Amino acid sequence: MIKEDIQTVFAKDPAAKTLWEVIFCYPGLHAIWLHRIAHFLWEHKLLFLARLLSHINRFLTGIEIHPGAKIGRRFFIDHGSGVVIGETAEIGDDVLMYQGVVLGGTSLEKKKRHPTIEDNVVIGAGATLLGPITVGRGAKIGAGSVVIKPVPPGATVVGVPGRIAGPDGARPKPDLEHGKLPDPVLRAIGEVLDRQSKLEERVRALERALPRPMALEEKIAPVTEGHIREALKEVIDPEVGISVVDLGLIKEIAVNGSKVEVRMVLTTPACPLVGYLVEQVRRKVAGLEGVEKVEVTILDEPWSWDRFARQGEDQ
């Protein structure tokens with residue numbers, strides 16, 4: 001089993017280079033080895049010795065594992081400092097846990113009061129899981145999340161309190177790329193704003209269908225870049241809560257009669273809302289009087305937060 005533990009470190013930590021480094025320099029590994037001895041003593045009713053050994057384990061590694069906790073095979077704690085695992089916690093096989101994770105209880109009664117972690121779960125740094133909940137097989141818990149409800153198998157949970165951000169398919173490696181984790185709150189806000197935009201578009205279509213006096217038709221002025229920028233101030237980027245104009249995402253606007261081309265940049269190359277923002281800009285411009293065709297182009301140029309800050313200071 002010791003050999004299997006060492007192989008697990010090499011499999012789950014790309015920073016592991018040599019056998020001696022793993023044996024002597026991985027507190028997560030030392031904590032698991034000492035816990036197995038403490039758990040053996042606990043199971044044989046040598047409660048004081050078990051608690052004393054777990055206390056020594058905490059002093060040496062910075063990892064607190066109650067001797068009553070049940071831990072499966074190939075469990076790896078990366079970095080480890082600040083990890084707390086309660087008495088009635090149960091951890092399955094092939095679980096990966098990062099520093100600062102807490103498997104805590106929510107009851108003073110002497111019963112099952114800590115989480116159960118099934119096989120192949122990944123728990124990000126600083127995550128807190130409270131109560132006798134079950135985290136299903138293959139689930140991922142994002143860094144800093146606070147989980148107080150059961151997590152279904154294969155789900156990804158992020159936020160405070162933890163929300164299910166979506167299913168997670170088969171993964172060849174138990175990684176946790178936080179930059180790619182979905183944001184359920186942002187997605188919900190985007191859906192609300194998208195529905196609002198669709199309703200506004202329908203209202204504008206109904207208004208256009210109404211008959212107008214001839215004099216009013218003659219007063220309609222051709223659309224200008226200024227009109228378009230003013231209209232686009234109503235398009236909000238849900239990630240930051242700022243309009244795409246004030247944020248500096250609208251780089252250029254080209255007006256050619258009734259045809260308009262809007263050239264945009266993105267805050268990040270992997271912006272999760274690129275499709276949403278493009279559609280919102282297109283709808284907003286298409287709703288202006290005198291516009292018949294709209295084209296939105298994403299430029300391959302970096303967006304600068306410093307430039308946005310300077311624009312705010314100038315205003």
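**Exercise 1. Locate P161, and determine the state of the peptide bond that precedes this residue in the predicted model.**

Solution. P161 is placed in the loop that connects β14 with β15, the latter covering residues 163–167. The next step is to read omega for the bond from V160 to P161, which is near -10°, and the bond is accordingly listed as cis. As background, most peptide bonds are trans.

**Exercise 2. Examine R74 and N120: what is the sign of phi in R74, and what is it in N120?**

Solution. Begin with R74, a residue other than glycine, whose phi is positive and near 55°. R74 belongs to the loop between β2 (70–71) and β3, and R74 is partly exposed, its relative accessible area being 24%. Turn then to N120, which is likewise not a glycine and has a positive phi of about 60°. The loop that holds N120 runs between β8 (116–117) and β9 (122–123), and N120 is partly exposed at a relative accessible area of 28%. For context, most residues other than glycine have a negative phi.

**Exercise 3. Describe the sheet that contains β18, β19 and β20, and identify the helices that lie across its strands.**

Solution. The first step is the strand order, which is β18-β19-β20 in an open sheet of three strands with mixed pairing. The edges follow: β18 and β20 (293–302) each pair on one side only, and from one strand to the next the twist averages 20°.

The second step is the pairing of β18 (residues 250–256) with β19 (residues 259–266), which is antiparallel and extends over six bridges. Within this pair, E252 stands opposite R263 of β19, while A254 has E261 of β19 as its bridge partner. The hairpin formed by β18 and β19 has two residues between the strands, and G257 adopts a positive phi near 65° there.

The last step concerns the helices. Helix α7 (residues 225–232) lies across β18 and β19 and runs at about 135° to β18, whereas helix α8 (residues 274–286) lies across β18, β19 and β20 and runs at about 140° to β20.

**Exercise 4. Characterise the packing of α1 against α3, including the relative direction of the two helices.**

Solution. Start from the geometry: the axes of α1 (residues 2–12) and α3 come within 11 Å and cross at roughly 155°. Because angles over 145 degrees count as roughly antiparallel, α1 is roughly antiparallel to α3. The crossing is right-handed, and the contact involves I2, D5, I6 and V9 from α1 together with L29, W33 and R36 from α3. It remains to consider burial: the buried residues of α1 are E4, D5, I6, T8, V9 and K12, and they pack against α2 (19–25), α3, β3 (76–77) and β6 (96–97).

**Exercise 5. How many residues does the largest nonpolar core have, and which have the most contacts inside it?**

Solution. The largest nonpolar core has 28 residues, and those with the most contacts inside it are I85, M97, L103, I117, I123, L129 and I141. To this core α3 (27–43) and β14 (155–158) each supply at least two residues. A second, separate core has 25 residues, among them V223, V281, V285 and V294. To finish with a single residue, if residues up to four places away in sequence are not counted, I85 touches E64, I65, H66, A69, F75, I91, M97 and L103.

Conventions:
Residues numbered from 1 in each chain as written. Predicted model: local features only at pLDDT ≥ 70, side-chain atom pairs only at ≥ 80, totals over all residues. Heavy atoms only, no water. Pairing = 2+ DSSP bridges. Helix = DSSP H or I, 4+ residues; strand = E, 2+ residues; numbered from the N terminus. Core = buried A, V, L, I, M, F, W, Y, C linked by side-chain atoms within 4.5 Å. Buried < 20%, exposed > 50% of the residue type's maximum accessible area, 1.4 Å probe, protein only. Contact = heavy atoms within 4.5 Å. Axes fitted to C-alpha atoms, helices over the stretch in contact; angles between N-to-C directions. Parallel < 35°, antiparallel > 145°, perpendicular 65-115°, else oblique. Left-handed = near helix turned anticlockwise from the far one by under 90°.
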